[in-house]
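Q: Please take a close look at one part of this structure, the nonpolar core and what surrounds it. I am new to the structure, so a plain account would help.

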Amino acid sequence: MSTEVGSGGAYGAGKAGAPFDPLTYIKKPQVILRLASLLFAIVVFGCISSGAWYAGNCLMNDDTNACGYGTGIGVLAFLLCLAFLMVDALFDNLSNVQHRKYAVLADLGSSALWTFLWFVGFCYMTDQWRKTVPSPELHITTNDRNNIQAAIAFSFFSIFTWGALTFLAVRRYRLGGQEAFNSGFDQEQNASSPYSSFPGSDSGDPYQQPPFSQQKETPDYQPPTY
């Protein structure tokens, strides 16, 4: 089966070679979700960086791992969103079906992983914030409290945006598999038989003329005369 994308496209994309349309690109569900995920990631690592540290101590129960984890997955989520926004912009112009498949699988794997990581981060930061007791080492102002709560809230929202991206990637992968199967099935149906038809098969019974029909009949026995 050919690996080139025909006029129908593959994996939920249009045909290759079509001009880039910014309006159509922005309206794609995965692009909207990625932009939201990118914004949420900025809020998370921005709030933690600006309001969750005091004198080198993490204000979430003095657990530097909690602040580091939230900042780390936020920055990496931001970079992933930028990378896949570029992939989404170039996806329709990938003329090779295998390349589209790899892009969808990468999207599926990273989205599922970050859905899990955001869930872990939300639970971890929420638990550490719940255990936090103000002390001279952890001087928590109202602004710090708002920043930490915002980081926790947007990490919770990120679970749903990345989960939705995972769902869309699964749907695109299944759609691409069905299209590939249907394309191969149609080619098999339309393929001509390698064997030529038996002579005379176009006209009714191919055995209308038995192969020995022209044999002469055995003459009657004639007794010899003496």
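A: Contact here means heavy atoms within 4.5 Å. With that cut-off, and not counting residues up to four places away in sequence, Met60 touches Ala66, Cys67, Met125, Gln128, Trp129, Thr132 and Ile148. The model is a predicted one.

Met60 belongs to the largest nonpolar core, which has 33 residues. Met60 is among the residues with the most contacts inside this core, and the others are Ile48, Trp114, Trp118, Ile148 and Trp162. Helices H2, H3 (64-91), H4 (97-130) and H5 each supply at least two residues of the core. H2 gives the most, with eight residues.

To place these helices, consider the chain as a whole. The chain has five helices and two strands. Along the sequence they follow the pattern α-α-β-β-α-α-α. Of the 226 residues in the chain, 32% are buried. Among contacts between residues at least 6 apart in sequence, 83% join residues at least 24 apart. The chain exposes about 14,200 Å², and carbon and sulfur atoms supply 62% of that area.

Cys67, one of the residues that Met60 touches, also takes part in a disulfide. Cys67 is joined to Cys58, with an S to S distance of 1.9 Å. The structure holds one disulfide. The torsion about the S-S bond of Cys58 and Cys67 is about 75°, so this disulfide is right-handed. Both Cys58 and Cys67 are buried. As for two further cysteines, Cys47 has 13% relative accessibility and therefore counts as buried, the limit being under 20%. Cys123 is partly exposed, with a relative accessible area of 35%.

Met125, another residue that Met60 touches, is also in contact with Ser155. Ser155 lies in helix H5. Its relative accessible area is 0%, so Ser155 is buried. Leaving aside neighbours within four places in sequence, Ser155 is in contact with Val44, Trp118, Phe122 and Met125. Trp118 is one of the core residues with the most contacts inside the core.

Phe122, in contact with Ser155, leads on to the aromatic residues. Phe122 forms one aromatic cluster with Phe40, Phe154, Phe156, Phe157 and Phe160. The structure holds nine aromatic pairs. One of them is formed by Phe40 and Phe157, whose rings are 6.0 Å apart centre to centre, with 55° between the planes, and the pair is tilted. Phe40 lies in helix H2 (residues 29-51) and Phe157 in helix H5 (residues 142-190), so the pair ties together parts that are 117 residues apart in sequence. The two members differ in exposure: Phe40 is buried, with a relative accessible area of 15%, whereas Phe157 is partly exposed, at 37%.

One further ring has charged groups over it. Arg100 lies over the face of Phe91, at 5.5 Å from the ring centre. The charged end of Arg172 also sits over the ring of Phe91, 4.7 Å from its centre.

To return to the starting point, Met60 touches Cys67 of the disulfide as well as Ile148, and both Met60 and Ile148 are among the residues with the most contacts inside the largest nonpolar core.

Methods: Residues numbered from 1 in each chain as written. Predicted model: local features only at pLDDT ≥ 70, side-chain atom pairs only at ≥ 80, totals over all residues. Heavy atoms only, no water. Disulfide = S-S within 2.5 Å. Buried < 20%, exposed > 50% of the residue type's maximum accessible area, 1.4 Å probe, protein only. Helix = DSSP H or I, 4+ residues; strand = E, 2+ residues; numbered from the N terminus. Areas by Shrake-Rupley, 256 points an atom, 1.4 Å probe, with all protein chains shown as cover. Phe/Tyr/Trp six-rings, centres within 6.5 Å; stacked < 30°, edge-to-face > 60°. Lys NZ or Arg CZ within 6 Å of the ring centre and 35° of its normal. Core = buried A, V, L, I, M, F, W, Y, C linked by side-chain atoms within 4.5 Å.
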